[in-house]
Amino acid sequence: MTKAQVQSAAVSDAITIPSPGEFFAAMGDHGQPNWTQMFVPKTAVSTSSREQMALMLGVLVADGYLAVEAQDGQGVKNTGKEIINLAKKLNVSQSVLGRGNSISDFAENNDWSALREELEATQNEVKLSMVEQKDKDLVIMVTVGAWIRGTQVAAEFISKNYSPGLAGLLRQPAIVEYLLSGLDGLPEKLRGAALIVDVRQKLGAVLALVQTKDRAALAPEAVNELAATMISLVNAISKGEKEP
Amino acid sequence: MKKLLVFLSAAGLLAAQDAPPPPATARSRALELAGAFANDGYKIRDGFWAGTLEAGKPQFLQVNLFSGNEYWFSAAALPPDVKMSVTLFDENGRPLAEEVFQDGAAAAAGLVPDASGKYFVRVALLAGDKAGFCLVYSYK
């Protein structure tokens, strides 16, 4: 490839960004995560902020994948309901709402493979609905929320079970650059919202952590720092308006 | 991965053409090809990348892969009388020695990345002037 081809390669939210399921599958190849222990679901936040709801929706999608890895059927159903309830608050189209029943049916039958596909299809349909409703600015936030939650779960596990193989999975500078560029492209009013400012600032710091030379794995200290940053972001996203 | 290629060539796609197919789109053909990998435990991503290919003008897509996972990138083009290819590159744009499958207007490339990070997928027309294409990928 020429330099120009490298620089002008297409990027697509739906395919350039790996799903949390893909991330978790790779973790299973390098370690032995106890998914049941790691599945501590977040509940939908009580807020009137649409950007916070969109970020939370992404967090819940990642939780859905986590519940699938834990093979926790009830957990998947509960998370699916949370996703659909939040999607309703964001006024997504009726077609998305039917996905909730599919998630529930697949969970009932322990069809984990179908659930992974259904979760991603639900997320993509929510995003499509957002675009159709001229809410396209929320799309990047769903992607950001899912990535933050997936990375928080992974970084926490890796900080407690460090190995270069596992830590190498956290080396994702191109993804962080993509997310930052998406947030930078938001309208000024949205970009200035306190939560978005916090997310942008922390993702900027994360970029420096995950940009290692020669594709080297992150050092243990960097993994710890990444985990702490991701925990604080997930807490900020899932903090309701009435909480202190 | 090699066993899978033999299976694809010998039975999968060709046998599927015996029954009257529904109206095909590039995406349905790409999913048909990816479906053969699903039989081997690969999970197909819901997202896809689609566009138009012209002779001498390959298209490139950035993807992010994890070491430890195995990947197949499956693509198909329409009209069906064209010939296309799928090739993979590392983050610096150097070609990778991957598994490849090529059958006219359908093609796939498989990779087991040795490092996590950015990679590139190239889709190109080998024969024909212009074609719509769709690419999907699967992992395990």
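In helix α11 of chain A, the buried residues are Ala174(A), Ile175(A), Val176(A), Tyr178(A), Leu179(A) and Leu183(A). I begin with this helix, and I should say at once that the model before you is predicted. The buried residues of α11(A) pack within chain A against α2 (13-16), α9 (137-160), α12 (188-191) and α13 (194-210). They also pack against two strands of chain B, namely β3 (59-65) and β8 (117-127). As for its length, α11(A) covers residues 173-184, and at 1.5 Å a residue these 12 residues should span 16 Å. The end C-alpha atoms are 16 Å apart, so the expected and computed values agree.

A second helix of chain A, α3, comprises residues 20-30 and is mostly covered, with nine of its 11 residues buried. Those buried residues are Pro20(A), Gly21(A), Glu22(A), Phe23(A), Phe24(A), Ala25(A), Ala26(A), Met27(A) and His30(A). Their packing partners in chain A are α5 (50-69), α8 (112-132), α9 and α10 (164-168). In chain B, the buried residues of α3(A) pack against β9.

Let me turn to the interface as a whole. Contacts between the chains involve 26 residues of chain B and 32 residues of chain A. On the chain B side, the elements that give two or more residues are β1 (43-44), β3, β8 and β9 (130-139). Of these, β3(B) gives the most, with six residues. By character, the chain B side divides into 12 nonpolar, 10 polar and four charged residues.

Strand β9(B) deserves a closer look. Eight of its 10 residues are buried, and the strand is thus mostly covered. Which strands pair with β9(B)? The strand β1(B) runs antiparallel to β9(B) and is joined to it by two bridges; here Lys43(B) stands opposite Tyr139(B). Strand β2(B), residues 49-54, is also antiparallel to β9(B), with six bridges between them, and Leu53(B) has Ala131(B) as its bridge partner. Finally, β4(B) pairs with β9(B) in the antiparallel sense over eight bridges, and Ala76(B) is the bridge partner of Cys134(B).

Within β4(B), which comprises residues 71-78, we find Leu78(B). Is Leu78(B) buried or exposed? The answer lies in between: Leu78(B) is partly exposed, because 17 other C-beta atoms lie within 10 Å, whereas a buried residue requires 20 or more. Leaving aside neighbours within four places in sequence, Leu78(B) is in contact with Ala26(B), Ala105(B), Ala131(B) and Gly132(B). One of these partners, Ala131(B), is 53 residues from Leu78(B) in sequence, yet the two C-alpha atoms are 5.4 Å apart in space.

I close with the nonpolar core. In soluble globular proteins, nonpolar side chains tend to be buried together. The largest nonpolar core in this model has 124 residues, and those touching the most other members are Phe73(B), Ala75(B), Met84(B), Phe133(B) and Leu135(B). The element that gives the most to this core is α9(A), with 14 residues. Which residues does Phe73(B) touch, not counting residues up to four places away in sequence? They are Val86(B), Leu88(B), Ala108(B), Ala109(B), Val121(B), Leu135(B) and Tyr137(B).

Key: Residues numbered from 1 in each chain as written. Chains lettered and ligands numbered in written order. Predicted model: local features only at pLDDT ≥ 70, side-chain atom pairs only at ≥ 80, totals over all residues. Helix = DSSP H or I, 4+ residues; strand = E, 2+ residues; numbered from the N terminus. Expected span 1.5 Å × (residues − 1). Buried ≥ 20, exposed ≤ 12 C-beta atoms within 10 Å, placed from the backbone. Contact = placed C-beta atoms within 7 Å. Nonpolar A, V, L, I, M, F, W, Y, C, P; charged D, E, K, R; others polar. Core = buried A, V, L, I, M, F, W, Y, C linked by C-beta atoms within 7 Å. Pairing = 2+ DSSP bridges.
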